[in-house]
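Here's a quick tour of where the empty space sits in this fold and what surrounds it. Have the structure open as you read.

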Amino acid sequence: MSAVPAFAGVIPPVVCPLNDDCTIDHASLRRHIERLIENGVDGLFALGSSSEVVFLTRELRREFLQTVVETTAGRVPVIAGVIDTTTPRVAEHVADALEIGVQGIVATAPFYTRTHPNEIKDHFRRIHTMAPELPLYAYQIPVCVHVTLSDELMLTLAEEGVLSGMKDSSGADGATRNLIRKRNARGLQDFKVLTGSETTVDLNYFFGADGVVPGLGNVDPAGYVRLHKAAVAGDWDTARAEQERLIELFDIVFQGDSARIGGNSSGVGSFKAALEHLGVFSTRQMMPPALPFTEEELAKIYEIVDASGLKA
C-alpha cells in the first residue's frame with residue numbers, strides 16, 4: 001500500500017490569537033493568515049502546540065479551524081492537529097476536521113494513559129481508517145506526550161500506507177538524520193519528514209528533511225521561506241546566513257523568567273507578544289494558567305523584534 005501524498009515546505013503552526021476573555025480573536029486570526037500566505041508559506045498547521053491546542057475546548061478548536069480554512073480558501077493546504085489523549089477523543093476531532101474541510105491531519109501517540117508500541121500502532125491505524133483520503137502525519141513530541149515514536153514503528157506504518165509523514169519536535173537532530181537515512185534505504189521517500197527545530201533547519205535540510213514547521217515562522221514567515229528556497233537550491237551559504245539571523249530572532253522565546261513562568265508561556269507567549277508588537281494581533285492573551293510577561297520581559301522581546309527589522 002502507498003500512503004496518501006503528504007505536503008512539504010514551510011508549514012507554520014498557526015498561533016491562536018485570543019481576546020481578553022479568552023475567546024478567539026477571529027479578526028486577528030484572519031489578518032495573521034493573510035500575512036503568512038502573502039509571505040509565501042507552503043501550508044498551515046492548525047491546532048498544534050503553538051495553537052495552544054490542549055487548552056482549547058472542542059468548540060473552540062472547531063471555531064479556530066473553521067476560520068483558518070475559510071480564510072485560506074484553498075490557497076495553501078491546511079493540516080489540522082487532531083491531538084488528544086485517547087483514540088475515541090481523537091475520533092471526534094477527526095470528524096470535525098473532515099466536516100470543516102482540511103487537507104491533512106496530525107496526531108500524537110496517546111498520552112496520559114500508558115501504552116505499548118502495539119497499541120500506539122493500532123491508534124494510528126484507527127485514525128487512518130477515519131480519514132483514509134487525508135495524509136496522516138505522526139507528531140513526534142516526547143516532551144509533551146512522554147513517548148518517543150521509534151523509527152521502526154513509523155516506517156512500518158508508512159509501508160502500510162497509514163502514515164504519510166512526521167512532524168519532528170524531538171529536538172534530536174541526530175535521531176532525525178537517522179530516520180531519514182532509514183527511510184531512504186527502505187525506498188520510502190514519499191514519507192515526508194518535517195522538522196520543528198527552528199534553529200537547525202539548514203542542518204535538517206542538508207540531512208534530507210522535506211520541510212519545516214517553525215513556531216517562529218508565525219513571526220517571520222518570509223525568513224523561513226528564504227531559508228527553504230536556499231536549501232532546496234543547495235545554496236548552503238545563503239541558508240546558513242538566514243538560519244543564523246533567525247537564531248538571533250529566536251532569542252525572544254528565552255525572555256520569560258523560567259523561575260516564574262513555564263516554557264509554553266515564554267515560547268508561545270513570545271510569538272504572541274511579537275505579533276501584537278507588529279500590529280498583527282490585538283492582544284497577547286494566553287490561555288490559563290499561563291502567566292503574562294513583565295514589562296521588562298516585554299521590552300526585551302520588542303527590542304529583539306525591532307532589531308530584526310521585521311514589519312507587519
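Start with the second largest cavity, whose lining is made up of Ile11, Phe45, Ile79, Val106, Tyr137, Lys167, Leu194 and Val213. Keep in mind that this is a predicted model. By class, that lining splits into seven nonpolar residues, no polar ones and one charged. The space inside comes to about 40 Å³.

Two of those lining residues also face each other in the sheet: Phe45 stands opposite Ile79, which belongs to E3. The strands involved, E2 and E3, run parallel and are joined by three bridges. Zooming out, the sheet is an open one with eight strands, paired in parallel and ordered E1-E8-E7-E6-E5-E4-E3-E2. Strand E1 (9-10) and E2 sit at the edges with a single partner strand each, so one side of each has no neighbour in the sheet.

What about the other hole? In total, the structure has two cavities of 30 Å³ or more. Here they are next to each other:

| Cavity | Volume | Lining by class |
|---|---|---|
| Largest | about 50 Å³ | five nonpolar, two polar, four charged |
| Second largest | about 40 Å³ | seven nonpolar, no polar, one charged |

The largest cavity is lined by Leu47, Arg58, Arg61, Arg62, Leu65, Ala80, Gly81, Val82, His93, Asp96 and Ala97. H2, E3 and H3 are the elements that put two or more residues into that lining. Which element gives the most to it? That's H2, with four residues.

So H2 deserves a closer look. This helix covers residues 58-72, and at 1.5 Å a residue its 15 residues should span 21 Å; the end C-alpha atoms are 21 Å apart, which agrees. Right after H2 comes Ala73, with a positive phi near 55°.

Which residues of H2 are buried? They are Leu60, Arg61, Phe64, Leu65, Thr67, Val68, Val69, Thr71 and Thr72. Why would residues three or four places apart in a helix point the same way? Because an α-helix has 3.6 residues a turn. In H2, Leu60 and Phe64 are among the buried residues, as are Arg61 and Leu65. Arg61 and Leu65 also turn up in the lining of the largest cavity.

As for what the buried residues of H2 pack against, the partners are helix H1 (26-38), strand E2 (44-46), strand E3 (78-81) and helix H3 (87-100). E3 and H3 appear again among the elements giving two or more residues to the lining of the largest cavity.

Definitions and conventions: Residues numbered from 1 in each chain as written. Predicted model: local features only at pLDDT ≥ 70, side-chain atom pairs only at ≥ 80, totals over all residues. Heavy atoms only, no water. Expected span 1.5 Å × (residues − 1). Buried < 20%, exposed > 50% of the residue type's maximum accessible area, 1.4 Å probe, protein only. Contact = heavy atoms within 4.5 Å. 1 Å grid on protein atoms, 1.4 Å probe; cavity = no way out; pocket = protein on both sides within 12 Å on 5 of 7 lines; lining within 4 Å. Points joined across faces, edges and corners; volume = space filled by probe spheres on them. Nonpolar A, V, L, I, M, F, W, Y, C, P; charged D, E, K, R; others polar. Pairing = 2+ DSSP bridges.
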